[in-house]
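Colleague: Before we discuss this model, could you put the sequence and the coordinates in front of us? I would like to go through helix packing and charged pairs in turn.

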Amino acid sequence: MPLNENIRLIAMDMDDTLLREDWTISERTVQAIRQAQGKGVYVTIATGRMPASVRPYAQQLELDVPVITYNGAMVQEALSEKVLYRKVIPIETAQNIINWLLLKEVHFQVYLKDQVFVEEMNEWSRSYERATRVPIIETNLQERLALEKEGVEKILLFGEPEILKGWDDKFNLQYEGKIRTTKSKPNFLELIHSEVSKGVALSSLAKRLGVKQEEVLAVGDSLNDLEMIQYAGMGVAMGNARQEVKEVANVVTSTNQEDGVAKAIERYVLKRASE
């Protein structure tokens, strides 16, 4: 697809993309986003995080466009919190997976609407809680899921990469057509509905806003960003992105510690050279 000079929608991943290592947005990035908004460009967030964790950043950036959360499983208006789209792992499938995981030596969390549940807290969950600033609820997962009729947005497994290696193939084979796996960090393995991705959600949002595919700029760093970077007319990989992401992107910007998002917006949306 030829690159378009007229970007009308920007979609940004959060962790290791929009956010620096201290989970803050640089002032240069804030200013670049606001200047793009001043030109009439739509700006949104597309993340694996839950809505409650996204909301403070959306408010800081004054985003008036729906945000993509749970890797595309939920699209929600950032400020009003109105849910526009929700696609969950069906409850029977979720219960089967969770019952199996409870027998294994692996730590995992279950995401339901705008809450996150865990069977027992440990350092993985405490670290996640600090990063996302969202309280994690410790509960009996089997009893909690027995109360649900629809399903869950996401199941997140934690572990060292060598431990998680091969688990994605197991899940994709056993639950083919029901779930898919993706990763936002090397220590994460995320389970979502088979039809869910940031790319699908971004395409739907663009159509809702009347924006053409070639008028979309998407920027990210990890495997859960692949589909939206491939979908966008201008796919941007962070300097700290995984090699698989860089290979499908149109361009590579600087790292999240070096204002990579700001530099991409300045160059491709605001049309000025970045330093």
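Colleague: At what angle do H2 and H12 pack, and is their arrangement roughly parallel or roughly antiparallel?

Modeller: In this predicted model, the axes of H2 and H12 lie 8 Å apart and the two helices pack at an angle of about 30 degrees. Angles under 35 degrees count as roughly parallel and those over 145 as roughly antiparallel, so the angle of about 30 degrees makes H2, relative to H12, roughly parallel.

Colleague: Is the crossing of H2 and H12 left-handed or right-handed, and which residues of H12 make the contact?

Modeller: The crossing of these two helices, H2 and H12, is left-handed. From H2 the contact draws on Arg28, Thr29, Ala32, Ile33 and Ala36, and it is met on H12 by Val261, Ala262, Lys263, Ile265 and Glu266.

Colleague: How many nonpolar residues does the contact of H2 with H12 have?

Modeller: Sorted by class, the contact of H2 with H12 includes one polar and three charged residues, and its nonpolar residues number six.

Colleague: Which residue forms a salt bridge with Arg28, and is that partner buried or exposed?

Modeller: The side chain of Arg28 meets that of Glu266 in a salt bridge, with an N to O distance of 2.7 Å. Because Glu266 lies in helix H12 (residues 260-268) and Arg28 in helix H2 (residues 27-38), the pair ties together parts that are 238 residues apart in sequence. Arg28 is partly exposed at a relative accessible area of 29%, whereas the partner asked about, with a relative accessibility of 5%, is Glu266, which counts as buried.

Colleague: How many residues apart in sequence are the parts that Arg55 and Glu81 tie together?

Modeller: Arg55 and Glu81 form a salt bridge in which the closest N and O atoms are 3.7 Å apart. Arg55 is buried at 14% relative accessibility, while Glu81 is partly exposed at 40%. Since Arg55 belongs to helix H3 (residues 51-61) and Glu81 to the loop between strand S4 (74-76) and strand S5 (83-86), the parts tied together are separated in sequence by 26 residues.

Colleague: Which strand holds Arg180, the salt-bridge partner of Glu227?

Modeller: The side chains of Glu227 and Arg180 meet at 2.6 Å, N to O, in a salt bridge. Glu227 is partly exposed at 25% relative accessibility, and Arg180 is buried at 18%. The pair links distant parts of the chain, 47 residues apart, with Glu227 in helix H10 (residues 226-231) and Arg180 in strand S12.

Conventions. Residues are numbered from 1 along each chain as its sequence is written. This is a predicted model: local features need pLDDT of at least 70, side-chain atom pairs count only at pLDDT 80 or more; totals for chains, interfaces and linings use all residues. Side-chain values use heavy atoms; hydrogens and water are left out. A salt bridge is a side-chain nitrogen of Lys or Arg within 4 Å of a carboxyl oxygen of Asp or Glu. Helices (H or I, at least four residues) and strands (E, at least two) are DSSP runs, numbered from the N terminus. Buried means under 20% relative accessible area, exposed over 50%, partly exposed in between (1.4 Å probe, protein chains only). Axes are lines fitted to C-alpha atoms, for helices over the stretch in contact, and angles run from 0 to 180 degrees between N-to-C directions. Angles under 35 degrees count as roughly parallel, over 145 as roughly antiparallel, 65 to 115 as roughly perpendicular and the rest as oblique. A crossing is left-handed if the near helix is turned anticlockwise from the far one by less than a right angle, and right-handed if clockwise. Contact means heavy atoms within 4.5 Å. Ala, Val, Leu, Ile, Met, Phe, Trp, Tyr, Cys and Pro count as nonpolar, Asp, Glu, Lys and Arg as charged, and the others, Gly among them, as polar.
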